[in-house]
Amino acid sequence: MEDGTSNLIVYLYDSPRDEDGVHTGPKDHFNIDMNLPNFNGGELLIPARSYPIGEPEVYAPNTLEPGFADEFEIGGVLYGDYYGVFHQVIDAEQNETYEMVSEGEMTVGYENGVYTIDATFTTEEGVVYHVTYKGAITVDDESLGEPDDEDWYSTLTDDVEVDALTQGQLYYMGADDKSSLFGILLGTEGVTLSNGTGTGELMQFFVNADPDAVKELPAGKYEIVPRSAPMEPETVIEGYKEGNQLGGSWYFELEKNLTVNRAPAYEGTVTIGHTENTLDYTVDFEFYDDNLDEGYIVSGSFSGKMEYIYDAGTLQAKGGRVTAPRRPADKRAARIRR
């Protein structure tokens, strides 16, 4: 963060799914937004100590950010952006509820690679939760910094061909009267899509499709468009950075959970092939990064099954990497890991 603190978000959840990747419920998830002293290198660890809920938007080191909900309606459908410490539940009918935490404290212990977490949280409605966890936690570095003096976010020094994508996830993220929004995550072997960690390459695309599309992403040629463009079907939202968060469509190269190369999708196309009533997809992409002097090209393809995840009701980040569009610029977005 620009004020000298480090922002760390811990995701604790219990999330059973069926064979199609749909949450079978109930799904319990706690999003824990931590303010830490600025990270100055070395191994990424969660410091062992106690963390009380702090004052909102003060970001005092060694505190937790209280929960905040920003809910809004698009085309008769209620959406929400959620921040800080909050509790999310998805029941068997895919109904989602959120509770904002306003008081409480979390204690973190760490020994030999094992974390212990013990927290007591009180929601705005006065419900008290006792949350415990013991096990490993992978800390993923998303502090990608500001653009260089040339004002671009890409770190590429040459064209990139991504030719070993072996896994995919397709998120349905809701719809309005103009389009439905899907998220696509593609990764090479060695990358964990559910939290965007590991070593390898990762692609993320946010795709606008026909508003009636829910279970399947229609085949077609999708054009990468500016974030400010209307969310029309057969478009892909460009990669961008807003505040301290990345959004839209990106290429990432990872090494031991750290981002060592990145490029936003600035101009180009994503072509989707699909066999109806199956999870079989092909994804072919070719786009320029935002380096307007050199214009490096990222290209590649994926062919195989994509895990389908129904995630309507929130327009927040999927998988491990970046935030989705339609969130306020002055808040730090919660990124729900699945």
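In this predicted model, strands β21 and β22 run antiparallel. Strand β21 covers residues 250-255, and strand β22 covers residues 258-264. Six bridges join the two. One pairing can be followed residue by residue: Phe252 has Arg262 in β22 as its bridge partner. The two strands form a hairpin. Two residues lie between them. Lys256 sits in this turn, and its phi is positive, at about 50°.

Strand β8, residues 96-111, takes part in several pairings. The first to be described is with strand β3, which spans residues 49-52. These strands run antiparallel and are joined by four bridges. Here Pro52 of the model stands opposite Glu105 in β8.

Strand β7, residues 86-90, is also joined to β8. Five bridges connect them, again in an antiparallel arrangement. Within this pairing, Val89 has Thr97 in β8 as its bridge partner.

Strand β9, residues 114-123, pairs with β8 as well. The sense is antiparallel, and the pairing extends over 10 bridges. Val101 stands opposite Thr123 in β9. Strands β8 and β9 form a hairpin with two residues between the strands. In this hairpin, Asn112 takes a positive phi near 55°.

A general point helps in viewing these strands. In a regular strand, the side chains alternate between the two faces of the sheet.

Note on methods:
Residues numbered from 1 in each chain as written. Predicted model: local features only at pLDDT ≥ 70, side-chain atom pairs only at ≥ 80, totals over all residues. Heavy atoms only, no water. Pairing = 2+ DSSP bridges.
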